[in-house]
Amino acid sequence: MNFPLQTLLPLFSLLAGACIGQNDTDSVSLHIDLKSHGTIEFNFENAADSIILLAGFNSLLPPAYVDSDPIKFKGNGKKYLNFQIQMPEKVSLSVSFISPTSVINPSDTILFDRNKNTTCFLVPGDTLSIAIDFSNKEAFPRCIKYSGKWAHISDYYKNKEIFFHKDNFIIGKAIAGNTAPDYETFSKVTDSLTNIELIYLKNYYQKSRLPKWFTDYEENDIRYISYVMKLSEPSIMKRIRNIDKPIPKDYYDFLKECPLNNPSAILSIYYYVFIDFYFSLIQMPYTDSTQKDTNYGSKRLNGFITSSIKNYDEYISDILLAFKLDEGIMIRYVPKEEYTL
């Protein structure tokens, strides 16, 4: 399977780290830059016990979860986390008090073994400053103070966690997918959770200053997470939960409300996952007749490439091609020796 030069040429600008930015001070580049970095400056005070700091985020190219190396700290000081982050991105931040089973040094004082985590937001080329005074008795994440140009976006996630008492909506939707007795119940729960998040975003935006590019990202991220889960649910019902109920005729009506070529969603990783799922599960799914075809994986990859070039804006097409070809190499649908230009 040789990919012609004209198919892969659009990727050169992307993989070289080309960015298209905007001029006003409330804007950022919405395009991936593979060479960009973002920094978290972590300031801590009064850490009487040894604590581990960790952070991580979802990378699109390649598709993977990127973890920082664990950083151990105690007392007062400052630590830095430098991420090769490709675009504005949610980052998971956690502090873990060392537990008795993980103690290495006799000087470690043990008070807690609980993990505290929260979501913050990092922009390429920017530094997000995080300050925690561990003598502060406020619950996590109330004790965190953010500062920096885009700190108000991290405050949005912090305030959302406080408002909803740390409820994780993705986990809530996943639980519905794994426990709902039928498609109707699953859709009802998923739609309800999605609407709750969207209403909170709308109300927060009306009261606080959030940039338009971010609210577009957040709204689309919330929506496309649900779309991905809805696309996955028939397979979960049948193959994992052994529930063989007919899919309601109107089940896929949600596809009418989610545009495929959606430039306002280009920062959302779930948007690209949705397109991948949509093609694999709706446009060119495995069937009884294709499961015995050992070349079907390669055929479907070629079909995805053709669809990406034909049906999407150039930038979205570039991302999809890079995302899928990288995946194809990893699972050997595209052998490295056949990846020719």
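Biologist: Which residue of β6 stands opposite Glu41?
Modeller: Glu41 stands opposite Ser129 in β6, and I should say at once that we are looking at a predicted model.

Biologist: And in which sense do the two strands pair, parallel or antiparallel?
Modeller: Strand β1, residues 38-59, and strand β6, residues 127-133, pair in the parallel sense, and seven bridges connect them.

Biologist: What about β6 and β7, parallel or antiparallel, and how many bridges?
Modeller: Those two run antiparallel, with four bridges joining β6 to strand β7, which covers residues 144-147; Ala131, for instance, has Lys145 in β7 as its bridge partner.

Biologist: What sits in the loop between β6 and β7?
Modeller: Pro141 is one of the residues in that loop, and the peptide bond leading into it from Phe140 is cis, with omega near 10 degrees.

Biologist: Where is Pro62, and is its bond from Leu61 cis or trans?
Modeller: Pro62 is placed in the loop between β1 and β2, the latter being residues 64-67, and the peptide bond from Leu61 to Pro62 is cis, with omega near -5 degrees. As background, most peptide bonds are trans.

Biologist: Changing topic to backbone angles, what is the sign of phi at Asn46, positive or negative?
Modeller: Phi of Asn46 is positive, near 55 degrees, in a residue that is not glycine, and Asn46 is found in strand β1. In general, most residues other than glycine have a negative phi.

Biologist: Is Asn46 buried or partly exposed?
Modeller: Asn46 counts as partly exposed, because its relative accessibility is 38%, which falls between the 20% limit for buried and the 50% limit for exposed.

Biologist: And what is phi at Asn242, and where does that residue lie?
Modeller: Phi of Asn242 is near 55 degrees, again a positive value in a residue other than glycine, and Asn242 lies in the loop between α6, residues 212-240, and α7, residues 269-283. With a relative accessible area of 64%, Asn242 is exposed.

Biologist: On to helix α4, then: which residues are buried there?
Modeller: In α4, which spans residues 169-179, the buried residues are Phe169, Lys173, Ala176 and Gly177. They lie on the same side of α4, because the arc they cover around the axis is only 100 degrees.

Biologist: Which helices do those buried residues pack against?
Modeller: The buried residues of α4 pack against α3 (151-163), α5 (183-207) and α6.

Biologist: What caps the N-terminal end of α4?
Modeller: Asn168 does, through a side-chain oxygen that lies 3.0 Å from the backbone nitrogen of Ile170.

Biologist: Now cysteines: how many disulfides turn up in the whole structure?
Modeller: Zero disulfides are found when the whole structure is searched.

Biologist: Are Cys143 and Cys258 buried or exposed?
Modeller: Cys143 counts as buried at 9% relative accessibility, and Cys258 is buried as well, with a relative accessible area of 4%.

Biologist: Stepping back, how many helices and strands does the protein have, and what share of its residues is buried?
Modeller: The secondary structure comes to nine helices and seven strands, and 48% of the 341 residues count as buried.

Biologist: What about the surface, and the contacts between residues far along the sequence?
Modeller: The accessible surface of the protein comes to about 17,600 Å², with 53% of it belonging to carbon and sulfur atoms. Among contacts between residues at least 6 apart in sequence, 71% join residues at least 24 apart.

Notes. Residues are numbered from 1 along each chain as its sequence is written. This is a predicted model: local features need pLDDT of at least 70, side-chain atom pairs count only at pLDDT 80 or more; totals for chains, interfaces and linings use all residues. Side-chain values use heavy atoms; hydrogens and water are left out. Two strands pair if DSSP finds at least two bridges between them. A disulfide is a pair of cysteine sulfur atoms within 2.5 Å. Buried means under 20% relative accessible area, exposed over 50%, partly exposed in between (1.4 Å probe, protein chains only). Contact means heavy atoms within 4.5 Å. Accessible areas come from the Shrake-Rupley method with a 1.4 Å probe; for residues, only the protein chains shown count as cover. The arc is that of the directions from the helix axis to the C-beta atoms. A polar contact is a pair of N or O atoms within 3.5 Å; within protein, one must be able to donate a hydrogen and the other to accept it, and residues adjacent in sequence count only if both atoms are side-chain atoms.
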